[in-house]
Amino acid sequence: MERRQFFQRALAGAATTLAAAGVSRSALAALPEPVIQTSPATAGPWTPPGVTGAGRPYNPVVTLNGWTLPFRMNNGVKEFHLIAEPVIREMAPGFNVNMWGYNGQSPGPTIEVVEGDKVRLFVTNRLPEATTIHWHGQRLPNGMDGVSGVNQPPIPVGKTYVYEFTAKRPGTFMYHPHADEMTQMAMGMMGFWVTHPRQKHPHINEVDRDYCFLLSAYDVEPGARTPNINTMLDFNIWSFNSRVYPGLDPLVARLNDRVRVRVGNLTMTNHPIHIHGIEFEVTGTDGGPVPPTARWPEVTTDIAVGQMRQLEFIADEPGDWAMHCHKSHHTMGAMGHDVPTMIGVDHRGLVQQIQRVVPDYMVMGERGMYDMKEMQMELPENTYPMMAGQGQFGPVGMGGMFTLLKVRDNQPAGDYSDPGDYKHPAGTVAFEYQGPTPEAVRPSVPAAATAAPNAALPSVRKPQGHNH
Ligand SMILES: [Cu+2]
C-alpha cells in the first residue's frame, strides 16, 4: 500500500511538474512506477480514479488472494508496468515457497481494462534468465503475442520490453511467459486479465460480485522451499492462485447476489471445479461469452489445461458452501502422496519394535486417513499439513484446491471481508441418531468368498518405489 500511495503521489507530482514547467521531457516518457504487493491477502476491488467514458465505471473484479495492478493514463493509453522477478510466496501461513512471479507475488497482479482500451505494458526482466509475456486469448498484432523467437526476441536479463495493443474483445484472459515455459510456469509465472464490455453486452450479465483466480500446481518436497521444475505429472501442491487451504480466503456473497467466478487453468492437468449448495452456468469460455441459449446448469465443470471458464450463479442459499477441485488428491497437502496404503494392516506390537530403531516412527492410515487431520505428526520445516483447517464442528481435513463460498443475508454490498462461521438455524444441522441400530440382514455367501479377502491382505510393508 505504501508503494501504491507513492505511485499515486508520484503521478500527481508528475502532473503538477508538467503544468508548472510547460514541458517535462521525463515525466511521461519515463516508465510508470512499478507497484509491488507485499501481502498474499485478497485485496479489495480496485476502481481507477478519474477514468471516465464508455464502459466506465465497471464493477471491478476481486482476485482471490491477489490484487489488481494500478495503471496510469498517458495520452489516452493505459500504461502498466510488470516486473518479472523472483518472489517468496506465502502459500499458507508458515509455508513459504521460492517462486518467480510479477511485482512481488505469484501469480502476478490482475490486469483489468475495458473493451477498446489502448493498452501499453512495460515488462522489466529481473529474473536470472530471459523471458517474454504471452497475452493468452487476446486479439492483437502478431508481433505482440510474446512467443520467444517467433514473435519477438526474448527479453534479456535486466531489460524492459513494451507491448502495445487494443483490448479488442471483452472476456477472461491470462498472461504467462512463452520463453522457457516449463521452468517459468513451474515457478509460478502467470497472471489474470479481465476485459469488461464497453457497453451493455447481450451475453454478459452485470453481476454483484466478480471473482477470479488461476489454478496452479507445484512440486515442493516436504521441507524444501523451491519447486522442482522438471516435474511433469507428479505435483504435490495444488493451489488456487498459488495459495492453499486453509490459507485461502473465502468467496463472500450477500444472499441473492449474482456472482461470477472466473477460473483459468495453468497446471498440467484438468480440474473439475465443484461448488456446493447452488447450480451454476458457464457463461463464458476462452473464446468469449456463451449465448444464454447454449448454457446448461451444472454443479461441477471441468477446466482443461490452458482454458478459462466463467461460472455464474445466484447465491440464494445462505451458508458456508465448499468450493473445490473434485480430484480428491488436489484437496490435500504434500504429505498425502507416496504413503503406502495401510488399511486393514494390523500394526499391534510392531510399532514398539520399530521405535527401538526409529524413535519417531508413526503408524499412518491403519483405519483410513481421516486420523491424519488430527495427528500431531512432526512435519518437516516449511511444510503445510496434509489435511488441515479448523471449522466450527472440528477439523476440516482438506488442503490444496479448497475454499468456501460464504453466503449471508446481512453481508453488506461491496463488503468482501470474512463473515466468520455460518450460524445454522435450529434444526438444520445433521445430528446423531440416539436409538438402537438394527443389524443388517445379509444374504448368506459361500465360506470361500468370505475367507479369501483376509488371506489376500499383505502382512509386510514393502519398500515403496519413488521415481523422483
Ligand atoms: Cu484438481
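# Exercises on strands, sheets and a core

Strands S22 and S23 form a hairpin, with two residues between them. Keep in mind as you work that this is a predicted model.

**Exercise 1. Work out how the two arms of that hairpin are paired, and find the residue of S23 opposite glutamine 390.**

Step 1: locate the arms. S22 covers residues 388-391 and S23 covers residues 394-398.
Step 2: look at the direction. The two strands pair in the antiparallel sense, over three bridges.
Step 3: go across from glutamine 390, and you land on proline 395 in S23.

**Exercise 2. Get a feel for the whole chain: count its helices and strands, and find what share of its residues is buried.**

Step 1: the count gives four helices and 24 strands.
Step 2: of the 468 residues in the chain, 38% are buried.
Step 3: now check the contacts. Take those between residues at least 6 apart in sequence, and 75% of them join residues at least 24 apart.

**Exercise 3. Put the strands of the four-stranded open sheet in order and pick out its edges.**

Step 1: the order is S5-S10-S9-S7, and the pairing is mixed.
Step 2: the edges are S5 (111-114) and S7 (134-136), as each of these pairs on one side only.
Step 3: from one strand to the next, the twist averages 25°.
Step 4: zoom in on S7. Three bridges join S7 to S9 (residues 171-176), and these two strands run antiparallel. Histidine 136 has methionine 174 in S9 as its bridge partner.

**Exercise 4. Do the same for the open sheet of five strands.**

Step 1: here the order reads S13-S24-S21-S15-S19, again with mixed pairing.
Step 2: S13 (251-254) and S19 (300-303) are the edge strands, each pairing on one side only.
Step 3: the twist averages 20° from one strand to the next.
Step 4: follow S13 to its partner. S13 and S24 (residues 402-408) pair in the parallel sense over four bridges, and valine 252 stands opposite lysine 406 in S24.

**Exercise 5. Is valine 259 buried or exposed? Show your reasoning, then list what it touches.**

Step 1: find the residue. Valine 259 is in strand S14 (residues 258-265).
Step 2: count. There are 23 other C-beta atoms within 10 Å of valine 259.
Step 3: compare with the cut-off, which is 20 or more for a buried residue. Valine 259 is therefore buried.
Step 4: leave out neighbours within four places in sequence. Valine 259 is then in contact with Val207, Asp208, Arg209, Ala253, Glu312, Phe313 and Ala315.
Step 5: look at isoleucine 314 too. It is 55 residues from valine 259 in sequence, yet the C-alpha atoms of the two are 6.2 Å apart.

**Exercise 6. Where does the largest nonpolar core lie?**

Step 1: the core has 84 residues, and those with the most contacts inside it are Met174, Trp193, Tyr211, Ile237, Leu251 and Leu405.
Step 2: domain 1 (37-216) and domain 2 (240-408) both contribute residues, so the core lies between them.
Step 3: try one member, leucine 405. Setting aside neighbours within four places in sequence, its contacts are Pro250, Leu251, Ala253, Ile275, Trp321 and Met323.
Step 4: try another, Ile237. In strand S12 (residues 237-240), Ile237 and Ser239 point one way and Trp238 and Phe240 the other, and all are buried.
Step 5: finish with the partner of S12. S11 (residues 209-218) pairs with S12 in the antiparallel sense over four bridges, and tyrosine 218 stands opposite isoleucine 237.

Note on methods:
Residues numbered from 1 in each chain as written. Predicted model: local features only at pLDDT ≥ 70, side-chain atom pairs only at ≥ 80, totals over all residues. Pairing = 2+ DSSP bridges. Axes fitted to C-alpha atoms, helices over the stretch in contact; angles between N-to-C directions. Buried ≥ 20, exposed ≤ 12 C-beta atoms within 10 Å, placed from the backbone. Contact = placed C-beta atoms within 7 Å. Core = buried A, V, L, I, M, F, W, Y, C linked by C-beta atoms within 7 Å. Domains from an automatic or database assignment.
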